[in-house]
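Hi everyone, thanks for making the time. I'd like to walk you through one structure this morning, so please have the viewer open and follow along.

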Amino acid sequence: MTHITSDIFYLGPCSEIPSLMTLPYVDAFVSCGFPSPASDYEAEDFDLNGYFVRNRSSTFVVKMEGEALIDAGIMPNDILIVDRSLDAKPGDLVLVFYEGEYLVRRYRLEGHQPSLHSDNANGLFAVITPTTDEQFSIEGVVTGLGRRYW
């Protein structure tokens with residue numbers, strides 16, 4: 001795990017993750033827990049890579065730190081799946097390189113001018129509107145996240 005900024009830890013490319021990671025998948029809606037073991041549910045394999053990764057060679061994972069996106073449901077220590085082959089659209093969450101720092105923000109266009117917004121109502125994170133004189137590049141679009149509860 002490489003610490004690349006105060007907000008992001010680079011965990012590695014998805015191409016280095018084992019080619020197939022599957023877990024049993026029970027095809028049933030679960031409202032308050034797991035289905036009864038006595039039930040006759042048929043389990044099939046659920047491919048986590050297939051679910052989260054479209055373009056394996058251009059997808060990587062980073063670990064989120066900070067609270068800039070808590071209102072988007074992204075918490076510190078969440079794992080973000082980022083695909084660099086996708087073109088960012090307004091409203092997407094994007095990993096950007098801005099003035100020597102990697103950030104994840106909500107991408108918006110105001111006219112033809114990109115702007116980067118936090119999703120945190122506390123008002124501590126300013127809107128970033130990159131100018132042509134500033135270092136700015138979109139490194140990828142966030143396509144999913146993982147969270148552990150232990």
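I'll go through the strands, then the nonpolar cores, then the salt bridges, and finish with the aromatic rings. One thing up front: this is a predicted model.

Let's begin with strand pairing. Please find β7, which covers residues 93-98. β7 runs antiparallel to β8, and 6 bridges join the two. If you want one pair to click on, Phe97 stands opposite Tyr102 in β8. The two strands make a hairpin with 2 residues between them.

Now, what is the phi of Glu99 in that turn? Glu99 sits at about 50 degrees, a positive value, although it is not a glycine. For background, most residues other than glycine have a negative phi. Glu99 is partly exposed, because its relative accessible area is 41% and the partly exposed range lies between 20% and 50%.

Moving along the chain, β8 covers residues 101-110. β8 is also joined to β9, by 5 bridges, and this pair is antiparallel too. Across that pairing, Arg106 has His117 in β9 as its bridge partner. This hairpin also has 2 residues between its strands, and here Gly111 takes the positive phi, near 75 degrees.

There's another residue for those of you who like backbone torsions. Asn77, which is not a glycine, has a positive phi near 80 degrees. Asn77 is found in the loop between β5 and β6. At 45% relative accessibility, Asn77 is partly exposed. Keep that loop in mind, please, as we'll return to it.

Next, the nonpolar cores. As general background, nonpolar side chains in soluble globular proteins tend to be buried together. How many residues does the largest nonpolar core have here? The count is 12, and the members include Phe60, Val62, Met64, Ala68, Leu69 and Ile74. Others in that set are Leu80, Val82, Leu93, Leu95, Val104 and Val142. At least two core residues come from each of β5, β6 and β7. The biggest contributor is β5, with 3 residues.

Val142 is a good place to park your cursor. Setting aside neighbours within four places in sequence, Val142 contacts Leu80, Ile81, Val82, Leu93, Val94 and Val104. Apart from this core there is another one, of 8 residues, with Val94, Val96, Tyr98 and Leu103 among them.

On to the charged pairs. The whole structure has 3 salt bridges. Let's take Asp78 with Arg147, where the closest N and O atoms are 2.7 Å apart. That pair links distant parts of the chain, with the two positions 69 residues apart in numbering: Asp78 is in the loop between β5 and β6, and Arg147 is in the segment after β10. So this is the loop I asked you to remember, the one that also holds Asn77. Are the two partners buried or exposed? Asp78 is buried, since its relative accessible area of 2% falls under the 20% cut-off. Arg147, at 33%, is partly exposed.

Then we have Asp119 and Arg106, whose side chains meet at 2.6 Å, N to O. Asp119 lies in the loop between β9 and β10, while Arg106 belongs to β8, 13 residues away in the chain. Both of these residues are buried. Remember that Arg106 is the residue whose bridge partner in β9 is His117.

The remaining pair is Asp92 with Lys89, at 3.8 Å between the closest N and O atoms. Asp92 has a relative accessible area of 16%, so it counts as buried.

While we're in the loop between β9 and β10, have a look at Ser118. Ser118 is buried, at 15% relative accessibility. Not counting residues up to four places away in sequence, Ser118 touches Ala68, Leu69, Arg105 and Phe125. Two of those names, Ala68 and Leu69, may be familiar from the largest nonpolar core.

Last stop, the aromatic rings. The structure holds 2 aromatic pairs. One of them is Tyr51 with Phe52, an edge-to-face arrangement with centres 5.0 Å apart and planes at 90 degrees. Tyr51 is exposed, at 57% relative accessibility, whereas Phe52 is partly exposed, at 28%.

That's my tour, and I'm happy to go back to any part of it. Thanks for listening!

Methods:
Residues numbered from 1 in each chain as written. Predicted model: local features only at pLDDT ≥ 70, side-chain atom pairs only at ≥ 80, totals over all residues. Heavy atoms only, no water. Helix = DSSP H or I, 4+ residues; strand = E, 2+ residues; numbered from the N terminus. Buried < 20%, exposed > 50% of the residue type's maximum accessible area, 1.4 Å probe, protein only. Contact = heavy atoms within 4.5 Å. Salt bridge = Lys/Arg side-chain N within 4 Å of Asp/Glu carboxyl O. Pairing = 2+ DSSP bridges. Phe/Tyr/Trp six-rings, centres within 6.5 Å; stacked < 30°, edge-to-face > 60°. Core = buried A, V, L, I, M, F, W, Y, C linked by side-chain atoms within 4.5 Å.
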